Structure formats: structure tokens, C-alpha cells
Amino acid sequence: AFPSSTPSLHLETPRFRTVMTQTEVTATCVVHSAYDAKVTWLLDGKVPTSKTPVNQASSTTESISSNLTLSSSQWKTLNTITCRAEHRCFNPTHKSSNVKG
């Protein structure tokens, strides 16, 4: 049986220098869970448009990695970015980061 504990989330955002020098930046969310959780992103509390590239890969059986790629100009307009993990076996959990420079 799998543990029913809430997964831990790790949210990694691009460095300020990267945002200033690159045309595209990537945020990464790693969900540590025994379950195949669904990972979603929120930008300032809203779901990004379908044009926003999101790459979800299950790297191991106990963690899921999701990458969100944005243009640097779009990133600079953001206040917060949120990574959310959902699965029927645990309560939805999320991790937010204040990205306003």
C-alpha cells in the first residue's frame, strides 16, 4: 500500500540574471510522491494559455518533474508562480513563489 501522505513540492525559478539575459526562461516543479500526480501551473493565480509550453516527465517512480517555459518578457510581468499537484489519493497541494523583482 502507498502512503497517503501529501507530497512535497520543490519549485525552482530562473535566476534574475537569466531572466535579464535570455529570451526564454524555465521554471521547474518537482513533486515527490508515490502517486502519479497531475501537475498544473498557475501564473498570478490563473491557468496559463494552451500556448504556454509545459513539459511533464516522470523521472522516477517517486518524483514527477514539470517544466514551464515562458518568454523573459512574460516572466517580468508576473507577480507569483504556483505549481500544484493533484491526485485522488491526497488533498491538492501547491507551492508558490513570489517572482516580482
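# Exercises: cysteines, rings, core and sheet

At 28% relative accessibility, Cys89 counts as partly exposed; buried means under 20% relative accessible area, exposed over 50%, and partly exposed in between (1.4 Å probe, protein chains only). The model is predicted, so local features need pLDDT of at least 70 and side-chain atom pairs count only at pLDDT 80 or more, while totals for chains, interfaces and linings use all residues. Residues are numbered from 1 along each chain as its sequence is written, and side-chain values use heavy atoms, with hydrogens and water left out.

**Exercise 1.** Find which cysteines form a disulfide, and place them in the strands.

*Solution.*
1. The criterion is a pair of cysteine sulfur atoms within 2.5 Å. By this rule there is one disulfide.
2. Cys29 and Cys83 form the disulfide, with their sulfur atoms 1.8 Å apart. The angle about the S-S bond is -70°, and the link of Cys29 and Cys83 is left-handed.
3. Cys29 lies in strand β2 and Cys83 in strand β6 (residues 80–87), so the pair ties together parts that are 54 residues apart in sequence. Strands here are DSSP runs (E, at least two residues), as helices are (H or I, at least four residues), numbered from the N terminus.
4. Both Cys29 and Cys83 are buried.
5. Cys89 is in no disulfide: the nearest cysteine sulfur, that of Cys83, is 18 Å away.

**Exercise 2.** Count the aromatic pairs and classify what is found.

*Solution.*
1. Rings of Phe, Tyr and Trp (its six-membered ring) pair if their centres lie within 6.5 Å; planes under 30 degrees apart count as stacked, over 60 as edge-to-face and the rest as tilted. The count by this rule is one aromatic pair.
2. The ring centres of Tyr35 and Phe90 are 6.2 Å apart and the planes stand at 50°, so the pair is tilted.
3. Because Tyr35 lies in the loop between β2 (24–32) and β3 (38–43) and Phe90 in strand β7 (residues 90–98), the pair ties together parts that are 55 residues apart in sequence.
4. Tyr35 is buried at 11% relative accessibility, and Phe90 is buried at 7%.

**Exercise 3.** Which element gives the most residues to the largest nonpolar core?

*Solution.*
1. A nonpolar core is a set of buried Ala, Val, Leu, Ile, Met, Phe, Trp, Tyr and Cys residues joined through side-chain atoms within 4.5 Å.
2. The largest such core has 22 residues, and those with the most contacts inside it are Cys29, Val31, Trp41, Trp75, Ile81 and Cys83.
3. Two or more residues come from each of β1 (8–12), β2, β3, β5 (63–71) and β6. β2 gives the most, with four residues.
4. Leaving aside neighbours within four places in sequence, Val31 is in contact (heavy atoms within 4.5 Å) with residues including Leu9, Val39, Ile64 and Ala85.

**Exercise 4.** Determine the strand order of the open sheet of three strands.

*Solution.*
1. Two strands pair if DSSP finds at least two bridges between them.
2. The order is β3-β6-β7, with antiparallel pairing. β3 and β7 are the edge strands, each pairing on one side only.
3. Neighbouring strands of this sheet are turned by 20° against each other on average, direction ignored; axes are lines fitted to C-alpha atoms, for helices over the stretch in contact, with angles from 0 to 180 degrees between N-to-C directions.
4. β3 and β6 pair over six bridges, and the bridge partner of Leu42 in β6 is Thr82.
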